[in-house]
Amino acid sequence: MGSWESTRGDAGGTDPIGGSLGSRVAVVTGASRGIGAAIARALGREGAFIVGAARTRADLEVALAGLPAALAVPTDVSDPQAVRTLFEAAAQVRGRVDIVVNAAGVLRRAPVEQTTLADWRESLEVNLTAVFLCSRAAVRQMLGQREAPGGVRGHIVQIVSGAGVHGWEGSSAYAASKFGVMGFTETLREEVRGRGIKVTEILPGMVDTDMTAQPEFSGRAKLAPEDVARAVLAAVTASPAAVLQRVDVRHLAPR
Ligand SMILES: NC(=O)c1ccc[n+]([C@@H]2O[C@H](COP(=O)([O-])OP(=O)(O)OC[C@H]3O[C@@H](n4cnc5c(N)ncnc54)[C@H](OP(=O)(O)O)[C@@H]3O)[C@@H](O)[C@H]2O)c1
């Protein structure tokens, strides 16, 4: 079946402002490392059943191993068939998908004149096309499921970047993909808000993960992946009528 499941059952949970994620199913892409892994842990500890996706099975299994209820589905999120399989597996858990967090991503750094077509294409495939594929699968699933109390059918959260709204020298392919995610997501929100689906974009500053481990970023103040996870938790536990639409998460220190 190409997946691995924690066997400790669904522990349920209570979020800090009174809602429970105990009955929710959450798909988290990029769940094997960094920000996605922190989000999977945060939602999982609040009781959500986590369906984690990334390409590397071993890393995924390690990242999800401590959670009460989780399913690892090795997935290349830029592959349409793999995304279909991921969402079929998620829907089989409890017949619904409540939360989808798109956190998988790649950063290829080079000035424009040295940016290869392969890096450009990979950036758009993983950072933008995959967000479309997973969001489309989420919307199709969520529109077909009953509303939870308060009228919410589901919640899609995109992990974007400050580079989704500002240029970032040396990261033109990355910024192009993230600006694309912003345009897609703001349109998606307007399309689905009247049908019970919340859409949130999280724009973190620099975060301490494998993506930013290279020496050029060594002197920079970095957020912890858990800082981003807390913002996601705040979004998915907001009251039913409230949508955290865009959340900028920045380090307190000046750049
Ligand atoms: N770190 C930062 O400073 C920062 C700031 C703002 C926004 N972000 C965004 O936050 C997200 C997570 O970044 P991160 O820092 O946590 O990066 P990371 O530590 O490099 O982790 C990237 C994750 O994405 C997965 N991934 C990459 N390509 C994939 C593919 N084709 N299919 C499925 N999964 C794939 C990786 O797993 P596999 O390699 O096993 O597939 C891994 O789980 C990204 O969208 C990034 O752009 C990061």
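Helices α1 and α6 are oblique to each other, and in this predicted model they make a good place to start. Their axes come within 8 Å and cross at roughly 50°; angles from 35 to 65 degrees fall outside the parallel and perpendicular classes, and therefore count as oblique. The crossing of α1 and α6 is right-handed. On the α1 side, the contact is made by Gly34, Ile35, Ala38, Ile39, Arg41, Ala42 and Leu43, while α6 brings Pro225, Glu226, Val228, Ala229, Val232, Leu233 and Val236. By class, these residues divide into 11 nonpolar, 1 polar and 2 charged.

Let us turn to a second pair, α3 and α4. Here too the crossing is right-handed. From α3, Pro80, Val83, Phe87 and Ala91 meet Leu133, Cys134, Ala137, Ala138 and Gln141 of α4. This contact has 8 nonpolar, 1 polar and no charged residues.

The two packings look like this:

| Helix pair | Axis distance | Angle |
|---|---|---|
| α1 (residues 34-45) and α6 (residues 225-236) | within 8 Å | roughly 50° |
| α3 (residues 80-94) and α4 | 10 Å | about 35° |

Helix α4 also leads us to α5, since α4 (117-143) is among the elements that cover the buried residues of α5. The cover also includes the strands β6 (154-159), β7 (197-204) and β8 (246-249). Beneath it, the buried residues of α5 are Ala173, Tyr174, Ala175, Ser177, Lys178, Val181, Met182, Thr185, Leu188, Arg189 and Val192.

How far apart are the end C-alpha atoms of α5? They are 30 Å apart, which agrees with the 30 Å that its 21 residues (172-192) should span at 1.5 Å a residue.

How values were computed: Residues are numbered from 1 along each chain as its sequence is written. This is a predicted model: local features need pLDDT of at least 70, side-chain atom pairs count only at pLDDT 80 or more; totals for chains, interfaces and linings use all residues. Side-chain values use heavy atoms; hydrogens and water are left out. Helices (H or I, at least four residues) and strands (E, at least two) are DSSP runs, numbered from the N terminus. The expected span of a helix is 1.5 Å times one less than its number of residues. Buried means under 20% relative accessible area, exposed over 50%, partly exposed in between (1.4 Å probe, protein chains only). Contact means heavy atoms within 4.5 Å. Axes are lines fitted to C-alpha atoms, for helices over the stretch in contact, and angles run from 0 to 180 degrees between N-to-C directions. Angles under 35 degrees count as roughly parallel, over 145 as roughly antiparallel, 65 to 115 as roughly perpendicular and the rest as oblique. A crossing is left-handed if the near helix is turned anticlockwise from the far one by less than a right angle, and right-handed if clockwise. Ala, Val, Leu, Ile, Met, Phe, Trp, Tyr, Cys and Pro count as nonpolar, Asp, Glu, Lys and Arg as charged, and the others, Gly among them, as polar.
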